[in-house]
Amino acid sequence: MLRPGEQAVLGRDDCCQVVLVDSRISRRHASLAHQDEWRLQDLNSINGMYSEGKRQSVIALTTAISVRLGNPDDGPEVLFRLLPAESPVLPGSQKPRAIVTIGRGVENAIVLDDLLASRAHARAILAGEGFDIQDLGSRNGTFVNGARVTTAFLGPKDLLTIGHSRFTVTDRCLVEQVDIGDVSFVATDLSRSLTNGKVLLEGVSFTLEGSSLLAIIGPSGAGKSTLLGALTGAKPATSGEVLYAGRDLYANYADLRNRIGVVPQDDVVHYQLTVRQALRFAAELRFPDDLDPHLRDKRVEEVINELGLTGNAGTRVSQLSGGQRKRTSVALELLTQPSLLFLDEPTSGLDPGLDKAVMQTLRTLADGGRTVVVITHSVANLGICDRVLLLAAGGSVAYFGPPDGVLAFFGASDYADVFTAVTNDPVISSQRYAQSQLHEQQARVPVSWAGPDVDAQGAPPRQQSMKSQLWTLARRHCRVVLADRSYAVSVLVMPVALAVLAMAVPGSAGFGPPATPPTSEPMQLLVILMVGAGFMGTSLSARELVNERPIYERERAVGLSPTAYLLAKLAVFAGLALVQATLLTFFVLARKAGPVGSVVLGSGGIELLIAVAATAFVSAVLGLLISSLVSTSEQVMPLLVVSVMMQLVMCGGLIPIYGRPLLAQLSWIVPSRWGYAMGASTANVRALVPSVTPDVLWSHDAPAWILSALALVALAGCWSWLILGRISTSHSHQ
């Protein structure tokens with residue numbers, strides 16, 4: 001027997017409430033749920049369901065009815081009958097089990113056909129009238145009443161959610177209901193104010209049915225982006241509530257965040273990758289790391305096909321049209337099958353034809369069982385939306401209703417007049433709507449579930465282990481580097497060019513026995529080597545974080561670890577720095593004599609290479625720090641120039657540094673100062689150039705060389721800590 005608020009799935013899989021053993025039945029064939037009335041809905045089964053000999057996608061149950069699954073003539077027949085309380089009786093009954101395991105693996109008692117679920121996700125142990133729930137180390141988490149738990153008790157009034165499935169306790173049995181996307185979405189009296197009292201949103205309320213397409217429009221500064229943050233939970237409103245299928249989004253954010261897809265205005269894909277490569281890397285970061293790769297790739301191909309990108313799957317994103325790039329960004333979000341999809345200005349900068357194509361794509365997605373909300377400045381294709389929400393200046397609602405009623409409501413002939421009205425008279429515009437019949441009709445709030453208020457906000461759960469994320473991110477970064485030919489060529493050409501410049505240093509002794517009379521050739525070569533290493537390292541990474549910020553922010557919201565992200569960058573830049581340092585040192589020493597002796601490793605050439613590589617790597621960390629501090633890539637160049645000039649002046653080979661107050665202390669934070677000291681210690685510059693001002697860091701002994709090396713390690717560690725703080729706090733959920 002099924003009650004309103006519960007759901008039963010019919011299919012061949014053992015996880016279904018009604019298991020039908022027949023080859024014509026899909027694993028998850030159909031679902032039965034109450035939405036105003038009892039409905040049996042086909043779950044995209046292969047062979048369909050039939051009533052009175054006709055294939056149906058949805059069947060309303062108003063009385064006793066017989067439905068055949070898989071074949072209209074001899075497929076398995078299921079009889080549904082409504083009791084007086086309108087609870088249908090299903091064949092078979094579920095007996096309480098003492099221990100129930102839940103997960104994606106077929107070995108579980110309840111098998112979840114959900115890629116967000118781990119293979120062994122959770123265990124439920126019968127205890128009194130409910131169950132003791134134990135998380136089994138799942139990646140996406142086990143949630144009771146919206147809070148992520150390790151262990152918790154699940155009673156008859158509680159809600160257990162795993163991935164897209166939610167469970168309640170009825171008669172000491174777990175009853176599953178799957179979120180298939182057709183859910184209501186309600187905003188109630190949303191307001192947001194700044195600490196200085198400025199109001200960004202004021203009393204925004206609306207009710208949106210499932211599988212709807214809503215367009216949010218309004219003049220610039222009306223609070224559309226602020227509303228987007230409030231509706232997605234990224235930046236909650238200071239007052240009011242958002243209900244997802246009747247559940248408080250803010251209180252259950254940790255649980256519901258995977259049901260929400262957000263496509264920001266900026267493209268969130270690497271232009272250097274192909275569509276398929278971008279989606280596969282995104283899938284690795286979004287799905288648990290115990291998921292079979294072929295299942296992950298299968299989901300990628302399904303999304304490519306759904307978005308009509310099959311013909312462009314092997315095309316680099318940079319070569320796609322604006323509309324195709326936006327569809328690729330949407331595809332990233334559809335990987336996890338979200339029920340709600342939000343898009344911020346997806347048609348910005350597109351011509352009218354592409355504008356229409358993108359909006360038609362969103363219409364198709366909504367018709368496919370998702371609720372889609374789009375913020376747009378374009379009003380040309382509002383007619384394909386189900387609802388339009390118009391914000392007046394100041395963030396209040398001036399209209400919410402069908403798109404064909406906007407102009408009539410304002411008595412205007414075009415949208416320009418409407419926007420002028422809500423900009424010049426926002427208070428009057430919002431009052432007109434608040435007093436209208438539209439407001440009474442549209443602002444009713446249906447509630448299908450209201451769990452306890454639990455503060456579950458915080459950092460998103462990490463879907464993969466740190467090691468798995470680091471490996472994925474490092475591979476993606478390497479792929480991006482190799483695909484960007486101009487960048488890859490510059491990485492290889494720059495050290496060769498610097499080596500050629502080093503040949504301009506007069507003399508032929510290099511770092512070997514001093515010439516007669518001694519010259520400053522060794523010091524000049526070290527300046528080119530260390531300052532060149534600093535320039536190469538900083539230029540490698542100075543734009544990295546600021547250019548990837550939209551991608552990082554979105555991936556952070558779905559569980560990317562800032563630590564894994566930073567470590568992957570450091571690992572790749574360490575490799576690139578080593579390659580560049582090797583090329584630079586090799587070509588310089590090919591024409592100039594290398595150090596005669598050494599102080600630590602037994603080879604002066606190896607010690608010199610390590611000094612150049614360490615300087616380049618720590619400079620790359622400095623470049624990442626610069627990139628984390630700026631807000632646009634245009635701001636990078638001035639800081640890059642300043643950093644290179646500091647490396648040149650403070651290295652100690654151009655002007656004396658040691659013993660000069662303030663200047664000496666300032667040089668401690670300059671990588672080339674310590675790299676130069678390592679090189680000078682190895683080459684014994686104090687002996688090669690007797691006229692040079694003595695510098696204690698240049699002593700030809702192991703302690704001096706090791707001290708400089710440790711100083712570079714300390715700089716890299718401190719700057720990495722600062723970068724991690726920036727990317728963890730600036731882009732985390734607020």
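# Strands, loops and confidence in a predicted chain

Ser51 is found in strand β5, which covers residues 49–51. This chain is a predicted model, and Ser51 is a convenient place to enter it. The relative accessible area of Ser51 is 12%, and because buried means under 20%, Ser51 counts as buried. Leaving aside residues up to four places away in sequence, Ser51 touches Gln56, Ile59, Ile65 and Ser66.

The next residue to consider is Glu52, in the loop between β5 and β6 (54–56). Is Glu52 buried or exposed? Glu52 counts as exposed, at 79% relative accessibility. The phi angle of Glu52 is near 55°, a positive value in a residue other than glycine. Ser211 also has a positive phi, about 60°, although it is not a glycine. Ser211 has its place in the loop between β21 (199–208) and β22 (213–217). At 22% relative accessibility, Ser211 counts as partly exposed.

The table sets out the accessibility of these residues and of two cysteines.

| Residue | Relative accessible area | Class |
|---|---|---|
| Ser51 | 12% | buried |
| Glu52 | 79% | exposed |
| Ser211 | 22% | partly exposed |
| Cys651 | 0% | buried |
| Cys718 | 47% | partly exposed |

On the subject of cysteines, how many disulfides does the count come to? The count comes to 0 disulfides, where a disulfide would be a pair of cysteine sulfur atoms within 2.5 Å.

**The chain as a whole**

The chain has 734 residues, and buried residues make up 55% of them. There are 21 helices and 29 strands. Taken along the principal axes, the C-alpha atoms fill a box of roughly 110 × 65 × 45 Å. Among contacts with a separation of 6 or more, 64% are between residues 24 or more positions apart.

**Strands near the start of the chain**

Strand β1 holds residues 7–11, and 5 of its 5 residues are buried, so β1 is largely enclosed by the rest of the structure. In a regular strand, side chains alternate between the two faces of the sheet. Both faces of β1 are covered: Gln7, Val9 and Gly11 lie on one side, Ala8 and Leu10 on the other, and all are buried.

Which strands pair with β1? Strand β3 (residues 30–35) runs antiparallel to β1 and is joined to it by 4 bridges. In this pairing Ala8 stands opposite Leu32. Strand β2 (residues 18–19) pairs with β1 in the parallel sense, over 2 bridges. Here Leu10 stands opposite Val18.

Strand β7 (residues 58–61) has one covered face, made by Ile59 and Leu61, and one uncovered face, made by Val58 and Ala60. Ile59, on the covered face, is one of the residues that Ser51 touches. Strand β4 (residues 37–42) runs antiparallel to β7, and 4 bridges join them. The bridge partner of Trp38 in β7 is Leu61.

**A sheet of five strands**

An open sheet of 5 strands has the order β15-β14-β17-β18-β19, with antiparallel pairing. Why is one side of β15 and of β19 left without a neighbour in the sheet? Strands β15 (147–149) and β19 (173–178) stand at the edges, and each has a single partner strand, so one side of each has no neighbour there. From one strand to the next the twist averages 35°.

The partner of β15 is β14 (residues 142–144), and the two pair in the antiparallel sense over 3 bridges. Within this pair, Thr142 stands opposite Val149.

**Aromatic rings**

The count of aromatic pairs comes to 7. Ring pairs link Tyr399, Phe409 and Phe410 into a cluster.

**Confidence in the model**

The chain averages a pLDDT of 87, and 93% of the residues score at least 70. Among the elements of the chain, helix α16 (residues 604–629) has the highest mean pLDDT, 97, and helix α10 (residues 437–442) the lowest, 74.

Where does pLDDT stay under 50? One such stretch is residues 86–93, for which the model has 28 contacts beyond four places in sequence. Another is residues 443–458, with 40 contacts beyond four places in sequence. Where pLDDT is low, the predicted coordinates should not be read in detail.

How values were computed:
Residues are numbered from 1 along each chain as its sequence is written. This is a predicted model: local features need pLDDT of at least 70, side-chain atom pairs count only at pLDDT 80 or more; totals for chains, interfaces and linings use all residues. Side-chain values use heavy atoms; hydrogens and water are left out. Two strands pair if DSSP finds at least two bridges between them. Axes are lines fitted to C-alpha atoms, for helices over the stretch in contact, and angles run from 0 to 180 degrees between N-to-C directions. Buried means under 20% relative accessible area, exposed over 50%, partly exposed in between (1.4 Å probe, protein chains only). pLDDT is the predictor's confidence in each residue, from 0 to 100. Contact means heavy atoms within 4.5 Å. Rings of Phe, Tyr and Trp (its six-membered ring) pair if their centres lie within 6.5 Å; planes under 30 degrees apart count as stacked, over 60 as edge-to-face and the rest as tilted.
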